[in-house]
Amino acid sequence: MSPTLDDLIVAFDQGLRTVFAPAQSLRPVPGDELAEAEMTGEQRAHAAALMRVNHSGEICAQALYQGQALTARNPRAKAALERAAQEETEHLAWTERRIGELGGRKSLLNPAWYAGSFAIGALAGLLGDRWNLGFLAETERQVVKHLEGHLQRLPAADEKSRAVLEQMKEDEARHATSAITHGGGELPEPAKLGMRLSSNLMTETAYCI
């Protein structure tokens, strides 16, 4: 079923709120009970830049899932995508808050990340629910690996950021499993490679800008 005008208006509104409005979390922020660690200015700047990358990644995830949900054909697939998007909204709130606590700023390119990712997600949805959910599963697998790398690169003392990333990693792994359970197919290797290359471009750019 093709998206209606109302669907497109809702998607546009979601995009504006994702990029420009403060995100909200239903769950407590992981690590909120931990004390702020003593870090050098360089360590705080590095941690803030890593969290900026993760925040931009969540902007991309929101856009991907919203684009995919817009064009998904199977109600079960659409519901799975919408549930994943809700948890990604919480990740957005957690990383945004942590950036502020570290004295950093969000990426200036977030509107561009959102627009590009939404288009990719909508295209994935048009390919059919098997590939749509397969794309979701592969996205989440790559995000888990990305988070594992950031957990190693964080300053050792920054337990608050570590708690956020650990919970995000757990959620993303669950999203991947859910997508396969709902019928997601395995993507061809060239598609996986393209996803890794585009992700690397985003992460390297968002660390600086």
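Arg 44 is partly exposed in this predicted model, with a relative accessible area of 23%. Its side chain meets that of Glu 36 in a salt bridge, with 3.9 Å from N to O. Glu 36 is likewise partly exposed, at a relative accessible area of 36%. Side chains of opposite charge can pair when their charged atoms come close. Over the structure, the count comes to 15 salt bridges.

Another salt bridge joins Glu 138 and Arg 141, whose closest N and O atoms are 3.0 Å apart. Both residues belong to helix 5, which covers residues 129–153. They are three residues apart there, a separation of about one helical turn. Glu 138 is buried, with a relative accessible area of 6%; this value falls under the 20% cut-off, so the residue counts as buried. Arg 141 is partly exposed, with a relative accessible area of 31%.

Arg 141 also meets the side chain of Glu 186 in a salt bridge, at 3.7 Å from N to O. Glu 186 lies in the loop between helix 6 and helix 7 (189–208), while Arg 141 is in helix 5, so this pair ties together parts that are 45 residues apart in sequence. Glu 186 has a relative accessibility of 45% and counts as partly exposed.

The three salt bridges described above are set out here.

| Acidic residue | Basic residue | N to O distance |
|---|---|---|
| Glu 36 | Arg 44 | 3.9 Å |
| Glu 138 | Arg 141 | 3.0 Å |
| Glu 186 | Arg 141 | 3.7 Å |

Salt bridges that share partners also build one network from Asp 32, Glu 36, Arg 44, Arg 97, Arg 98, Glu 101 and Asp 158. Glu 36 and Arg 44, the pair at the start of this report, are thus among the members of that network.

Some of the network residues appear again around a cavity. A search of the whole structure finds one cavity of 30 Å³ or more. The volume of the largest cavity is about 60 Å³. Its lining includes Asp 32, Arg 97, Arg 98 and Glu 101, and these residues also take part in the salt-bridge network. The other lining residues are Val 29, Pro 30, Gly 31, Trp 94, Lys 160 and Val 164. By class, the lining has four nonpolar, one polar and five charged residues. Helix 3 (75–101) and helix 6 (159–181) each supply at least two residues of this lining. Helix 3 gives the most, with four residues.

The aromatic residues come next. A search of the whole structure finds one aromatic pair. The rings of Tyr 114 and Phe 118 have centres 6.1 Å apart and planes at 20°, so the pair is stacked. A pair of aromatic rings is described by the distance of the centres and the angle of the planes. Tyr 114 and Phe 118 both lie in helix 4 (residues 110–126), where they are four residues apart, about one turn of the helix. Both Tyr 114 and Phe 118 are buried.

A ring also takes part in a contact with a charge. The charged end of Arg 130 sits over the ring of Trp 131, at 5.0 Å from the centre of that ring.

Methods
Residues numbered from 1 in each chain as written. Predicted model: local features only at pLDDT ≥ 70, side-chain atom pairs only at ≥ 80, totals over all residues. Heavy atoms only, no water. Phe/Tyr/Trp six-rings, centres within 6.5 Å; stacked < 30°, edge-to-face > 60°. Buried < 20%, exposed > 50% of the residue type's maximum accessible area, 1.4 Å probe, protein only. Lys NZ or Arg CZ within 6 Å of the ring centre and 35° of its normal. 1 Å grid on protein atoms, 1.4 Å probe; cavity = no way out; pocket = protein on both sides within 12 Å on 5 of 7 lines; lining within 4 Å. Points joined across faces, edges and corners; volume = space filled by probe spheres on them. Nonpolar A, V, L, I, M, F, W, Y, C, P; charged D, E, K, R; others polar. Salt bridge = Lys/Arg side-chain N within 4 Å of Asp/Glu carboxyl O.
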